[in-house]
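Subject: Structure handover

Hello,

Here is the structure I promised to pass on to you. Please open it first, and then read my notes below alongside it.

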Amino acid sequence: VDPNNSNTAYVALGGFGSGHFYKTTDGGTSWTNITGTLPDVPGTAVLVDPLNSNNIFAGNDIGVFLSTDGGTTWNNFSDGLPDAILVSDITYSPSNRVLRVATHGNGVFERKLYDGTPVPAFDYKAYQLVTPSDDANIVIGSTLSNFKASFRSNSGEVQTDSFNVQY
């Protein structure tokens with residue numbers, strides 16, 4: 001749901017050969033396919049930038065894509081992620097304005113949100129993955145259950161915050 005307009009919402013759908021991302025502007029009465037030029041792979045996650053509702057982030061079985069016009073056109077936003085990464089979830093950290101991307105089998109990454117200026121490639125960074133029960137480090141790429149992810153900025157600043165990923 002758009003945090004600035006509760007009548008606008010987005011949905012991601014799996015499957016092949018059909019639309020993968022839809023948008024409503026009337027509270028769900030009608031839906032418009034906004035998949036456009038996105039690859040024909042299952043959609044997995046959608047996030048609306050809380051400070052700019054025109055910026056929509058879409059996750060799918062290939063990576064992350066960004067629309068800066070409310071879903072009309074799309075651009076790849078996967079620089080710094082492994083190739084053909086299966087995105088499981090996308091979240092937003094308001095304390096430092098970063099996008100957090102949980103992946104299937106490749107860990108959790110973060111990247112600065114788009115603000116209209118070029119973002120350096122390889123800006124995604126997984127800092128540390130810790131199991132909640134014993135605080136043992138998890139090797140990125142292993143099979144994961146519920147875990148806590150802690151992050152540092154790429155400039156080495158102190159931990160900004162943590163969140164739980166349910167997978």
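The chain has 0 helices and 13 strands, where helices (H or I, at least four residues) and strands (E, at least two) are DSSP runs numbered from the N terminus. Read from the N terminus, its elements go β-β-β-β-β-β-β-β-β-β-β-β-β.

A word on the ground rules. This is a predicted model, in which local features need pLDDT of at least 70 and side-chain atom pairs count only at pLDDT 80 or more, while totals for chains, interfaces and linings use all residues. Residues are numbered from 1 along each chain as its sequence is written, and side-chain values use heavy atoms, with hydrogens and water left out.

First, the chain as a whole. Of its 167 residues, 41% are buried; buried means under 20% relative accessible area, exposed over 50%, and partly exposed in between (1.4 Å probe, protein chains only). About 8500 Å² of the chain is exposed, with 50% of that supplied by carbon and sulfur atoms; the areas come from the Shrake-Rupley method with a 1.4 Å probe, and for residues only the protein chains shown count as cover. Among contacts (heavy atoms within 4.5 Å) with a separation of 6 or more, 36% are between residues 24 or more positions apart.

Next, the strands. Strands 1, 2 and 3 form an open antiparallel sheet in the order 1-2-3, where two strands pair if DSSP finds at least two bridges between them. Strand 1 (9-12) and strand 3 (32-33) are its edges, each pairing on one side only. Strand 2 (residues 21-24) is joined to strand 3 by 2 bridges, and lysine 23 sits opposite threonine 32 of strand 3.

In the loop between strand 2 and strand 3 you will find tryptophan 31. Tryptophan 31 counts as partly exposed because its relative accessibility is 41%. Together with Val11 and Leu13, Trp31 makes a nonpolar surface patch of about 240 Å². Patches are made of residues with over 30% relative accessible area and no salt bridge, with like charges joined within 9 Å and nonpolar side chains (Val, Leu, Ile, Met, Phe, Trp, Tyr) within 5 Å; a salt bridge is a side-chain nitrogen of Lys or Arg within 4 Å of a carboxyl oxygen of Asp or Glu.

Further along, strand 8 (residues 87-93) and strand 9 (residues 98-103) run antiparallel, joined by 6 bridges. Tyrosine 92 stands opposite leucine 99 in strand 9. This hairpin has 4 residues between its strands, and arginine 97 takes a positive phi near 50 degrees there, although arginine 97 is not a glycine. With a relative accessible area of 24%, arginine 97 is partly exposed.

Finally, have a look at the loop between strand 4 (43-48) and strand 5 (56-60), where serine 53 is found. The serine 53 side chain makes polar contacts of 2.8 Å with the side chains of aspartate 2 and asparagine 4. A polar contact is a pair of N or O atoms within 3.5 Å; within protein, one must be able to donate a hydrogen and the other to accept it, and residues adjacent in sequence count only if both atoms are side-chain atoms. Not counting residues up to four places away in sequence, serine 53 also touches Tyr10 and Val48.

Asparagine 54 lies in the same loop, between strand 4 and strand 5, and is partly exposed at 41% relative accessible area. Leaving aside neighbours within four places in sequence, asparagine 54 is in contact with Ser67, Thr68, Asp69 and Gly70.

Best wishes
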